[in-house]
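Here's a quick briefing to read with the model open in your viewer. Have a look at the sequence and structure first, then we'll go through it by topic.

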Amino acid sequence: MECGCWNHQIQEEHRVLDSQKEALKSFLEQPTGPRDRRIHASKILHSLDPCLRLHLRREEWVLFPAFEHLLGGPSGTLVLLRAQHDDLRALLDRLAQLLE
């Protein structure tokens with residue numbers, strides 16, 4: 001994959017994920033009934049979950065190894081980013097369990 005194309009793809013994914021994050025924040029700030037909240041939260045999760053998981057895999061399989069290669073091995077920053085990715089996956093899993 002060409003660097004410019006990869007960079008554009010990652011930027012676009014971040015733009016989409018930021019938009020979904022804003023939708024989630026907006027949802028959490030609105031008072032609605034329990035049934036309405038559950039339905040709306042489920043829709044947000046179904047939109048966010050696959051996009052976020054794919055984005056995390058792309059970063060972990062392509063971007064992080066490239067950085068490690070350039071840096072000569074794992075760095076503290078990449079260890080932290082991987083841990084944050086694990087935390088995000090755990091939150092998505094927990095939210096999905098709560099909505100079942």
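**Surface and nonpolar patch**

Leu70 is exposed, since its relative accessible area is 68%. Bear in mind throughout that this is a predicted model. The bullets below start from that leucine, then go on to the cores, the salt bridges and some polar contacts.

- Leu70 sits in helix 2, which covers residues 34-71.
- Together with Phe67 and Leu71, Leu70 makes a nonpolar surface patch of about 340 Å².

**Nonpolar cores**

- Which residues make up the largest nonpolar core? There are ten of them: Leu17, Phe27, Ala41, Ile44, Leu45, Leu48, Leu52, Leu56, Leu92 and Leu99.
- Three elements each put two or more residues into this core: helix 1 (3-29), helix 2 and helix 3 (76-99).
- The top contributor is helix 2, with six residues.
- There's another core apart from this one, with five residues, including Trp6, Ile10, Leu63 and Phe64.
- Back in the largest core, take Leu99: setting aside neighbours within four places in sequence, Leu99 is in contact with Arg38, Ala41, Ser42 and Leu45.

**Salt bridges**

As a reminder of the basics, side chains of opposite charge can pair when their charged atoms come close.

- How many salt bridges turn up in the whole structure? The search finds seven.
- Glu13 and Arg58 are one such pair, their side chains meeting at 2.0 Å, N to O.
- Glu13 is in helix 1 and Arg58 in helix 2, so this salt bridge ties together parts that are 45 residues apart in sequence.
- Are the two partners buried or exposed? Glu13 counts as buried because its relative accessible area is 13%, while Arg58, at 24%, counts as partly exposed.
- Asp49 and Arg53 also meet through their side chains in a salt bridge, at 2.8 Å, N to O.
- Asp49 and Arg53 are four residues apart in helix 2, so about one helical turn separates them.
- Asp49 is buried at 17% relative accessibility, and Arg53 is buried too, at 18%.
- Arg89 and Glu60 form another salt bridge between side chains, at 2.6 Å, N to O.
- That pair links distant parts of the chain, with Arg89 in helix 3 and Glu60 in helix 2, 29 residues apart.
- Arg89 is buried, with a relative accessible area of 19%, and Glu60 is buried as well, at 15%.
- Asp49, Arg53 and Asp93 are joined into one network by salt bridges that share partners.

**Around His55**

- His55 is in helix 2, and its 3% relative accessibility puts it in the buried class.
- Which residues does His55 contact, leaving aside neighbours within four places in sequence? They are Ile10, Glu13, His14 and Leu17.
- The side chains of His55 and Glu13 are joined by a polar contact of 2.4 Å.
- A second partner for the His55 side chain is the side chain of Glu59, through a polar contact of 2.9 Å.
- Seen from Glu13, which lies in helix 1, the residues touched are His55 and Arg58, not counting those up to four places away in sequence.
- His55 and Leu17 are 38 residues apart in sequence, and their C-alpha atoms are 9.0 Å apart in space.

**Around Glu68**

- Glu68 is another residue of helix 2.
- The side chains of Glu68 and Arg82 make a polar contact at 2.8 Å.
- Apart from neighbours within four places in sequence, Glu68 is in contact with Gly73, Pro74, Leu78 and Arg82.

Conventions:
Residues are numbered from 1 along each chain as its sequence is written. This is a predicted model: local features need pLDDT of at least 70, side-chain atom pairs count only at pLDDT 80 or more; totals for chains, interfaces and linings use all residues. Side-chain values use heavy atoms; hydrogens and water are left out. Patches are made of residues with over 30% relative accessible area and no salt bridge: like charges are joined within 9 Å, nonpolar side chains (Val, Leu, Ile, Met, Phe, Trp, Tyr) within 5 Å. Accessible areas come from the Shrake-Rupley method with a 1.4 Å probe; for residues, only the protein chains shown count as cover. A salt bridge is a side-chain nitrogen of Lys or Arg within 4 Å of a carboxyl oxygen of Asp or Glu. Buried means under 20% relative accessible area, exposed over 50%, partly exposed in between (1.4 Å probe, protein chains only). A nonpolar core is a set of buried Ala, Val, Leu, Ile, Met, Phe, Trp, Tyr and Cys residues joined through side-chain atoms within 4.5 Å. Contact means heavy atoms within 4.5 Å. A polar contact is a pair of N or O atoms within 3.5 Å; within protein, one must be able to donate a hydrogen and the other to accept it, and residues adjacent in sequence count only if both atoms are side-chain atoms.
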